[in-house]
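Trainee: I would like a close look at a single part of this structure, the charged side chains and how they pair. Please take me through it in one connected answer.

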Amino acid sequence: QVQLVESGGGSVQAGGSLRLSCAAFGYDYSDWPMGWFRQAPGEEREGVAAISSVGRLTYADSVKGRFTISRDNAKNTLYLQMSSLNAEETAMYYCAASPRFSLRPLLLSNEYNYWGQGTQVTVSS
């Protein structure tokens, strides 16, 4: 059974940093495309960062240079290091996984089959 569990969210002041983690259980996810998404109240879910089956990375333009996605295959864990956060980035953050091998990192929500429950990030200005 596929299970994704996010952690690391919390409250931070504008300009601060957080590191999110997504622990994956049930399968060897080392060659699964995975991604981070966020959704603010009343907004659509948007892709933030993604990593492909072969380690290629992509980022939303709004987070380039500030966010870093990485994975530790030995721990079956996906990370999102976020810095210089601003209040507009307050949202629930989700990790996602796809069982389909992909050379290309996937940044659309409909490209993923499995989702975690989310972790809340609140940035105060």
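Mentor: In this predicted model, the side chains of Glu46 and Arg38 make a polar contact at 2.6 Å. Glu46 belongs to strand E5, which covers residues 46–51. With a relative accessible area of 35%, Glu46 is partly exposed, because the buried class ends at 20% and the exposed class starts over 50%. Once the neighbours within four places in sequence are set aside, Glu46 is in contact with Trp36, Phe37 and Arg38. As for a residue farther along the chain, Tyr93 is 47 residues away from Glu46, and the C-alpha atoms of the two are separated by 9.6 Å.

Now the salt bridges, of which the structure holds five. One of them joins Glu89 to Arg66, with 2.5 Å between the closest N and O atoms. Glu89 sits in the loop between strand E8 (77–82) and strand E9 (91–97), while Arg66 sits in the loop between strand E6 (57–59) and strand E7 (67–72), so this pair ties together parts that are 23 residues apart in sequence. Both partners fall into the buried class: Glu89 has a relative accessibility of 3%, and Arg66 has 17%. The value for Arg66 counts as buried because the cut-off is under 20%.

A further salt bridge links Glu111 and Arg104, whose closest N and O atoms are 2.8 Å apart. Here the two partners fall into separate classes. Glu111 is buried, at 16% relative accessible area, whereas Arg104, at 46%, counts as partly exposed. This brings us back to the residues at the start: through salt bridges that share partners, Arg38, Glu46, Arg66 and Glu89 are joined into one network. The network therefore takes in the partly exposed Glu46 as well as the buried Glu89 and the buried Arg66.

Asp61 and Lys64 also belong in this account. Their side chains meet in a salt bridge, with an N to O distance of 3.0 Å. Asp61 has a relative accessible area of 66% and is exposed, because that class takes values over 50%. The acidic partners described here thus run from Glu89, buried at 3%, through Glu111, buried at 16%, and Glu46, partly exposed at 35%, to Asp61, exposed at 66%.

Methods: Residues are numbered from 1 along each chain as its sequence is written. This is a predicted model: local features need pLDDT of at least 70, side-chain atom pairs count only at pLDDT 80 or more; totals for chains, interfaces and linings use all residues. Side-chain values use heavy atoms; hydrogens and water are left out. A salt bridge is a side-chain nitrogen of Lys or Arg within 4 Å of a carboxyl oxygen of Asp or Glu. Buried means under 20% relative accessible area, exposed over 50%, partly exposed in between (1.4 Å probe, protein chains only). Helices (H or I, at least four residues) and strands (E, at least two) are DSSP runs, numbered from the N terminus. Contact means heavy atoms within 4.5 Å. A polar contact is a pair of N or O atoms within 3.5 Å; within protein, one must be able to donate a hydrogen and the other to accept it, and residues adjacent in sequence count only if both atoms are side-chain atoms.
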